[in-house]
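Dear colleague,

Please find below the structure that I am handing over to you. My findings follow directly after it.

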Amino acid sequence: MIGALMRLSGSKVMSSIAAAYVEIIRNTPFLVQIYIVYFGLPSVGIRISEMTAAACFCSLTGTMS
């Protein structure tokens with residue numbers, strides 16, 4: 001919802017950010033995105049549990065499996 005509002009806003013910067021987010025999510029495989037959330041976040045110092053990583057991933061991609 002926020003992405004759609006950003007995309008429809010008159011601001012070129014907000015629209016570009018929303019478009020870039022959509023393209024990144026659409027053009028990377030599902031499994032690669034899970035690996036980035038699960039292994040990438042701890043490598044930059046963000047330590048989270050497995051369930052929290054899964055919840056973050058599902059909320060970022062809009063999947064509920």
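Ala53 is located in helix 4, which covers residues 50-61, of what is a predicted model. Its relative accessibility is 5%, and because buried means under 20%, Ala53 counts as buried. When residues up to four places away in sequence are set aside, Ala53 touches Val37, Tyr38 and Ile48. A long-range distance may also be of use to you: Ala53 and Leu5 are separated by 48 residues in sequence, and their C-alpha atoms lie 26 Å apart in space.

The chain as a whole can be described as follows. It contains four helices and zero strands, so that the pattern read along the sequence is α-α-α-α. The C-alpha trace spans about 40 × 25 × 20 Å along the principal axes. The radius of gyration of the protein chain is 14 Å, whereas a compact globule of 65 residues would have a value near 11 Å. Of the 65 residues, 14% are buried. The accessible surface amounts to about 5100 Å², and carbon and sulfur atoms account for 72% of that surface.

Helix 2 comprises residues 12-27, and Ser15 is one of the residues within it. Is Ser15 buried or exposed? Ser15 counts as buried, because its relative accessibility is 16% and the limit for a buried residue is under 20%. The side chain of Ser15 reaches the backbone oxygen of Arg7 at a distance of 3.5 Å. Arg7 also appears among the residues that Ser15 touches, together with Met6 and Ser9, residues up to four places away in sequence not being counted.

Helix 2 also holds a charged pair, Arg26 and Glu23. Side chains of opposite charge can pair when their charged atoms come close. Which side chains meet in a salt bridge here? Those of Arg26 and Glu23 do, with an N to O distance of 3.8 Å. The distance qualifies because the cut-off for a salt bridge is within 4 Å. The count for the structure comes to one salt bridge. The two partners are three residues apart in helix 2, about one turn of the helix. Arg26 has a relative accessibility of 61% and counts as exposed, while Glu23, at 38%, counts as partly exposed.

Helix 3 runs over residues 30-43 and includes Gln33. At 8% relative accessibility, Gln33 counts as buried. Which residues is Gln33 in contact with, leaving aside its neighbours within four places in sequence? They are Ile24, Ile25, Thr28, Phe57 and Thr61. Ile34 is likewise found in helix 3, but Ile34 is partly exposed, with a relative accessible area of 30%. Between Ile34 and Ser49, which are 15 residues apart along the chain, the C-alpha separation is 13 Å.

Finally, I turn to the cysteines. How many disulfides does a search of the whole structure find? The search finds zero. Cys56 is in no disulfide, and the nearest cysteine sulfur to it, that of Cys58, is 9.6 Å away. Cys58 is in no disulfide either, its nearest cysteine sulfur being that of Cys56 at 9.6 Å. This separation does not meet the criterion, because a disulfide requires a pair of cysteine sulfur atoms within 2.5 Å. As to accessibility, Cys56 is partly exposed, with a relative accessible area of 32%.

With kind regards

Key: Residues are numbered from 1 along each chain as its sequence is written. This is a predicted model: local features need pLDDT of at least 70, side-chain atom pairs count only at pLDDT 80 or more; totals for chains, interfaces and linings use all residues. Side-chain values use heavy atoms; hydrogens and water are left out. Helices (H or I, at least four residues) and strands (E, at least two) are DSSP runs, numbered from the N terminus. The radius of gyration is taken over C-alpha atoms; the globule rule is 2.2 Å times the number of residues to the power 0.38. Buried means under 20% relative accessible area, exposed over 50%, partly exposed in between (1.4 Å probe, protein chains only). Accessible areas come from the Shrake-Rupley method with a 1.4 Å probe; for residues, only the protein chains shown count as cover. A polar contact is a pair of N or O atoms within 3.5 Å; within protein, one must be able to donate a hydrogen and the other to accept it, and residues adjacent in sequence count only if both atoms are side-chain atoms. Contact means heavy atoms within 4.5 Å.
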